[in-house]
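Good morning, and thank you for making time for this item. Please take a moment with the sequence and the structure before I begin.

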Amino acid sequence: MAHLEEGFAATLDNDVFGVEQESGVLCSLGEDWQEVNVLLTGEELPRLSPGALPVLGGDHIASMGSPIDVMLWLGNAEVAEALAFLESTDFQEALSAHQSDLGHLLQVRGEAYLSRLEQLKRFYGLAAQEGQAVVKRVYGHY
């Protein structure tokens, strides 16, 4: 866990973050992760836990101080499943379908959400292509 936390902390440096995001090693949804989840599932918050989120979920491997600050693991088979889910999702259609759920946010941030979804698909695509697992850190403020 210390190694994973060290890697996460390193991405807080803007230069490291930019390089890793550009290369596809890192995919940050930032503050938009909950809205991206709404677009993918129609639900604002996970019913069970962050691990239950399609695409954004995974097996819980660590808690980082609060129930919503966790590290999650997807093995290479789950990475491939997440990619298949994203590839089968029409992002523009998802925006239209959840217009009432996101209201004004969608009007203001719709293009940003589409960009986040495309980044997510690229991230999972690169990981699946290499047969890699994915470790995610999911956190939010409530």
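I shall speak about one helix, then an aromatic pair, and finally a patch on the surface.

Please bear in mind throughout that this is a predicted model.

Let us begin with helix H4, which covers residues 76–87. At 1.5 Å a residue, its 12 residues should span 16 Å, and the end C-alpha atoms are indeed 16 Å apart, so expectation and model agree. Which residues of H4 are buried? They are Val79, Ala82, Leu83 and Leu86. Viewed down the axis of H4, the buried residues fall within an arc of 100°, and therefore they line one face of the helix. The general background is that an α-helix has 3.6 residues a turn, so residues three or four places apart point the same way.

I turn now to the aromatic residues. A search of the whole structure returns one aromatic pair. Its members are Phe123 and Tyr124, arranged edge-to-face, with 5.5 Å from centre to centre and 75° between the planes. Are these two residues buried or exposed? Phe123 has a relative accessible area of 11% and is therefore buried; Tyr124, at 0% relative accessibility, likewise counts as buried.

Finally, the surface. Met1, Ile61, Trp73 and Val135 form a nonpolar patch there, and together they have about 340 Å² of accessible area. One of these residues, Val135, lies in strand S3, which comprises residues 134–138. With a relative accessible area of 35%, Val135 is classed as partly exposed, because that class lies between the 20% limit for buried and the 50% limit for exposed.

Thank you for your attention.

Conventions:
Residues numbered from 1 in each chain as written. Predicted model: local features only at pLDDT ≥ 70, side-chain atom pairs only at ≥ 80, totals over all residues. Heavy atoms only, no water. Patch = residues over 30% accessible without salt bridge, like charges linked within 9 Å, V, L, I, M, F, W, Y side chains within 5 Å. Areas by Shrake-Rupley, 256 points an atom, 1.4 Å probe, with all protein chains shown as cover. Salt bridge = Lys/Arg side-chain N within 4 Å of Asp/Glu carboxyl O. Helix = DSSP H or I, 4+ residues; strand = E, 2+ residues; numbered from the N terminus. Buried < 20%, exposed > 50% of the residue type's maximum accessible area, 1.4 Å probe, protein only. Phe/Tyr/Trp six-rings, centres within 6.5 Å; stacked < 30°, edge-to-face > 60°. Expected span 1.5 Å × (residues − 1). Arc of directions from axis to C-beta.
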